[in-house]
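Hi everyone, thanks for making time this morning. I'd like to spend a couple of minutes on charged side chains and who pairs with whom.

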Amino acid sequence: TNMPSPPRRQPAAQKSAARPGGAGEPRARQRDVLEGLRLDAVDAIVTVQENYSFSYDVVIHSLVLLDRYLMRTTCERDGDRRLASFSSRQAHCLALSCILISTKFMETQSPCIGHLVAVAGLPRNAMEDVRRFEISVLRTLEWDLHFETALDFLCRLQLDPSTAALLASVKHLFPSLVL
C-alpha cells in the first residue's frame, strides 16, 4: 500500500502570500515570520538532540530561551524588521546558541561549538554567528536564565510541610507521577 507522504512545511513567506489578506496585515506577517523562524530553530534543536545525549531539560530550557528571545526581540522597536530578515542559517545559529547556553547552565560538560555547527549541517564559519547569538540572547534576556517548570513547582510543594499532606492525598490520581 502506498502511504501518502506527510505535508511539507511551507516557508513563512509563502504562507503569508497564500493567505487572503495576509500580505497586508502586519500581525499576520509577524506571526508567519515568527512561526517559520521558530520551526527552523526547533528543527536544529531536535537535530542536535538526536546526536547528543542531552537531558530533556536541556531541550526544554533551550526552547524556553528561544521563545523568550523571540518574544523580547519582537517587542523591541524595529524587532519585526530584524526578525523578518533572518535566514534559515541564522535561525539555526540562534537555536545552537540557546542549546549552548542551556548546556552550560544545566549540564556538567558543554559541547564544542565546532561540533554543534557540524552536527547541524552548517558551514564552519557559522561558529562566529553562534557566538554572536549567544551574547545577544544573554544580553536580551538580561542574563535571566532561570525558569520554573510544572514539575519543579510540584517538587517544591512536596518539600513544604503544609502542602506535603495535600500532595500525598491526591497522589493516587497521578500514578505515573514520581515525586
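Here is a short walk through some of the salt bridges in this structure. Please keep in mind that this is a predicted model.

Let's start with the overall tally: searching the whole structure turns up six salt bridges. I'll talk about three pairs, including one between two helices.

That pair is Asp129 with Arg89, whose closest N and O atoms sit 2.9 Å apart. Asp129 belongs to helix α7, residues 126-140, while Arg89 belongs to helix α5, residues 88-106, so this salt bridge ties together parts that are 40 residues apart in sequence.

How accessible are the two partners, buried or partly exposed? Asp129 has a relative accessible area of 17%, so with the buried cut-off at under 20%, Asp129 is buried. Arg89 has 27% and is partly exposed.

Now, Asp129 has another partner. Asp129 also forms a salt bridge with Arg132, and there the closest N and O atoms are 2.8 Å apart. These two are three residues apart in helix α7, so about one helical turn separates them. Put the pairs together and the shared partners join Arg89, Asp129 and Arg132 into one network.

Staying in helix α7, let's look next door. Glu128 pairs with Arg131, with 3.7 Å between the closest N and O atoms. Again the spacing is three residues within helix α7, or about one helical turn. As for accessibility, Glu128 is partly exposed at 38%, and Arg131 is partly exposed too, at 34%.

That's my tour, and I'm happy to pull up any of these pairs on screen.

Definitions and conventions. Residues numbered from 1 in each chain as written. Predicted model: local features only at pLDDT ≥ 70, side-chain atom pairs only at ≥ 80, totals over all residues. Heavy atoms only, no water. Salt bridge = Lys/Arg side-chain N within 4 Å of Asp/Glu carboxyl O. Helix = DSSP H or I, 4+ residues; strand = E, 2+ residues; numbered from the N terminus. Buried < 20%, exposed > 50% of the residue type's maximum accessible area, 1.4 Å probe, protein only.
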